[in-house]
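Please examine the arrangement of strands and helices in the model shown here. The paragraphs that follow lead from the pairing of the strands to individual residues.

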Amino acid sequence: QEWRKFDDLIYDNLDIMEGCGFITELEGQPVGFASWDTRMMPKHVELGHNCIITPHKGKGIGKKQLAHALELVRELEPARIIVKTGDIPFFEPARRMYRSAGFRPKRRIHLMGKAVPEAIEYELR
């Protein structure tokens, strides 16, 4: 539900992406997007919804997209950058990508009151 609310917010207000995200295109077609939340500046910026459309995964586009997002976020000079991702096998490629970009695990997160941690928060200083 949270993803759907975010998607609706972005699609209904594309101007938000001008300052806090971008859409990645390949040959004129959208293949992904990245966004970030600056409300906790200067303490931190949280990257969120760093996504690539499934047919384009595994081609290095996500790594390039993350590098560009980090370049833009670093211009804001936050004390740290954080990102959260799932703690299930499906999200292992994302976890590897964040670690290869210098992010380090900070904590495990319990979502919706569940007993087993379902996400990991990473940080980059």
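Two strands are said to pair if DSSP finds at least two bridges between them; strands (E, at least two residues) and helices (H or I, at least four) are DSSP runs, numbered from the N terminus. The model is predicted, so that local features need pLDDT of at least 70 and side-chain atom pairs count only at pLDDT 80 or more, while totals for chains, interfaces and linings use all residues. Residues are numbered from 1 along each chain as its sequence is written, and side-chain values use heavy atoms, with hydrogens and water left out.

Strand β3 (residues 45-52) pairs with strand β2 (residues 29-37) in the antiparallel sense over 5 bridges. Within this pairing, tryptophan 36 stands opposite leucine 47 of β3. With strand β4 (residues 81-86), β3 pairs in the parallel sense over 3 bridges, and isoleucine 81 in β4 is the bridge partner of valine 45. Of the 8 residues in β3, 6 are buried, that is, under 20% relative accessible area (exposed means over 50%, partly exposed in between; 1.4 Å probe, protein chains only).

Helix α3 (residues 61-74) joins β3 and β4 in a right-handed β-α-β unit: with the strands pointing away from the viewer, the path from the first strand over the helix to the second runs clockwise.

Threonine 24 lies in strand β1 (residues 21-26). Its relative accessibility is 14%, and therefore threonine 24 counts as buried. Beyond its neighbours within four places in sequence, threonine 24 has contacts (heavy atoms within 4.5 Å) that include Phe33, Ile61 and Gln65.
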